[in-house]
Each structure stands twice: as C-alpha cells, then as structure tokens.
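Me: I'd like to go through a structure with you and ask how the labels get decided. Can you show me what we're looking at?

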Amino acid sequence: MNSRQAVNGDWGPRLTRHHLPLGLLSAVLFVVFMNVPPFTREHPHPDIYSGTLPRQRNPAQMDHQGPPMDHAAGHRAPMGHGQSRPAQMGQGPSRNPAMGHEGGRNARSVLRRSSIATGYVALGLLALTLLTGPANLLLDRRNPVSSYLRRDAGTWTAIFSVVHVILGLQVHGTGKISGFLDYFIARDGGVLRNSFGLANYTGLVGVVIVLGLLAISSDAALRKLKARPWKRLQRLNYALFVLVILHAIFYGALLRMTSAYTVLLVITAAVVFIAQAIGVRLWRRRYSNGSQVA
C-alpha cells in the first residue's frame, strides 16, 4: 500500500484499490498457470516416499506415476504436488473400463494442476506481503506498523492457500477421515517421516499460520493486542514463507529444475530474501537514531 492509510472500516477504497486488483491479478495468474505451456508441461515425479528427502526415481519406478508400493501403499499425495495413481478399472460412471480409466485420470490431472496453480498464486501473494516493507524503505516512504495493502494481500494469500489444500485433498480424496490421516500418519500409527509426510506437515503448519494471521488482520485486533505484540505475531509471515519453500522442496521441486514452477519458486525465494536483506539494512540506517516506525 502507499503511505496513506484508509479510514478504519472504510471498505470502499480498499475494495477498489486493493481487493479488486489483487483478485484480478490472482485470476490472471491462475489462468496462466493452467494454460500456458511452460506451466502445463508434465515432468517426471520424484520419489518422495522412500526417504526423508526426495530423490530421483530408479528405472523400475519410472513406468508409473504412483508411489513405490513397498514404501507408500495406501498413502495419497495431497497439496497437488504429489504423484497420481492410475484409477482402478471399472470405477466411474463409464461402462467402458478404458474410458472410465481415462476420464478419471484426466479429472485427477486437472485437480492436480489446479492445486499447484493455486499454491503458486498464494506464493506470489505471500511474496507481495513481504516485499511491501522493503519497497517502502527503498522508495523512502513511510513504513507503518499496519499496512492495508499487506493485510489485503494476506487475505488473498489465505484464500488461495485454503483452496490449494482443498483441491489437493481431492486428488486422491476418499471423503473419509482415514484418507486425511494417510497424509500424516504411517501404517504403523507413527508420524510419517518421509519426504511426503514432511511436505504435508510443513503445509499443515503453514495453513495454520496463514489462518491465524488472517484472524488478527483487523483494526480491532490491532487495538486489542497493541502495536508491538501485534507486529511480532505478524512477523510469522517470515516463518510462513520458509515453510512454503520447504513444502515445495519436500515435494521434489528442486529435482525438477527444468520445470517453470521450480524456476518461479527459485526466483521468488531469491527476490524475497534479497529484498529482506536490503530492507533490514535500510531500516537500521533510517532508525539508527532510535526512532520508531511510524
């Protein structure tokens, strides 16, 4: 947001200045991710079931898209980044098993791509919230404790994060609680410690943080918590960004370096980290005399 703050409760300017542009930008990005060839191209799925870190599949695993049966039987790949297993013959409305197989496969492909697309839209919006402060400092503008642009971008981040999770859970969803638990719990009842499980845990913690930040992103919460505690809680945005990057890494993003999504991930992470480093330096220079943020 620019340095001028909207009047408390005056949603008209925020809708036209922030929410409408952010919504349109998000929709455009989603369409691009779903339709532009660099983002729609399929890439080999890494093995995220055999160890703590993802690894390239061995030749025996390359002929199918599912997890190795001896490592992940019964587990599903949520969040839209994981592997899809072939549909069982005879499922679906089609009477022709081959057609039913193909239809289910296409439906899961659309769900998977939609989940990935919404996840990267959320990543871009989250990056925007983290670039606003350094941009204000770089342009020698006021950098207030609370910015409506950061809040509103955070709201859209939360929206697309939740949609990302919902779509991801539908890729292999069964509608049962046990299906959800397969994302986090191993067959022996213990914590799922492979790359698949770690990806899901980082995603889960990230969703909890983004919803928590959304819950306190209001003037009422700011007044009740006071500026300093409120700002400390809002700094969980940094942890959220790291969790998002780890979430993608555990799903094997760095093993698909030719993927447009991986290139976007690396560029986004680099820009945010560099901007934050510059912002910290500028902040220290500006407030070295002990003055506080306006």
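**Salt bridges and burial**

Reply: Sure. The side chains of R151 and D219 form a salt bridge, with 2.6 Å from N to O. R151 sits in helix α5 and D219 in helix α8 (residues 219-225), so the pair links distant parts of the chain, 68 residues apart. Keep in mind that this is a predicted model.

Me: Why is the contact of R151 and D219 called a salt bridge?

Reply: The cut-off is within 4 Å, from a side-chain nitrogen of Lys or Arg to a carboxyl oxygen of Asp or Glu. R151 and D219 meet at 2.6 Å, N to O, so the pair counts.

Me: How do you know whether R151 and D219 are buried or exposed?

Reply: Buried means under 20% relative accessible area. R151 has 6%, so R151 is buried. D219 has 14%, so D219 is buried too.

Me: What makes R112 and E42 a salt bridge?

Reply: Their side chains meet at 3.8 Å, N to O. The limit is within 4 Å, so this pair counts as well.

Me: And why is E42 called partly exposed?

Reply: Partly exposed lies between the 20% and 50% cut-offs. E42 is at 45%, so that label fits. R112, at 8%, counts as buried.

Me: How many salt bridges are there by this rule?

Reply: The count comes to three. One of them joins R14 and D152, at 2.5 Å from N to O. R14 is in helix α1 (residues 11-35) and D152 in helix α5, so this pair ties together parts 138 residues apart in sequence.

Terms used: Residues numbered from 1 in each chain as written. Predicted model: local features only at pLDDT ≥ 70, side-chain atom pairs only at ≥ 80, totals over all residues. Heavy atoms only, no water. Helix = DSSP H or I, 4+ residues; strand = E, 2+ residues; numbered from the N terminus. Buried < 20%, exposed > 50% of the residue type's maximum accessible area, 1.4 Å probe, protein only.
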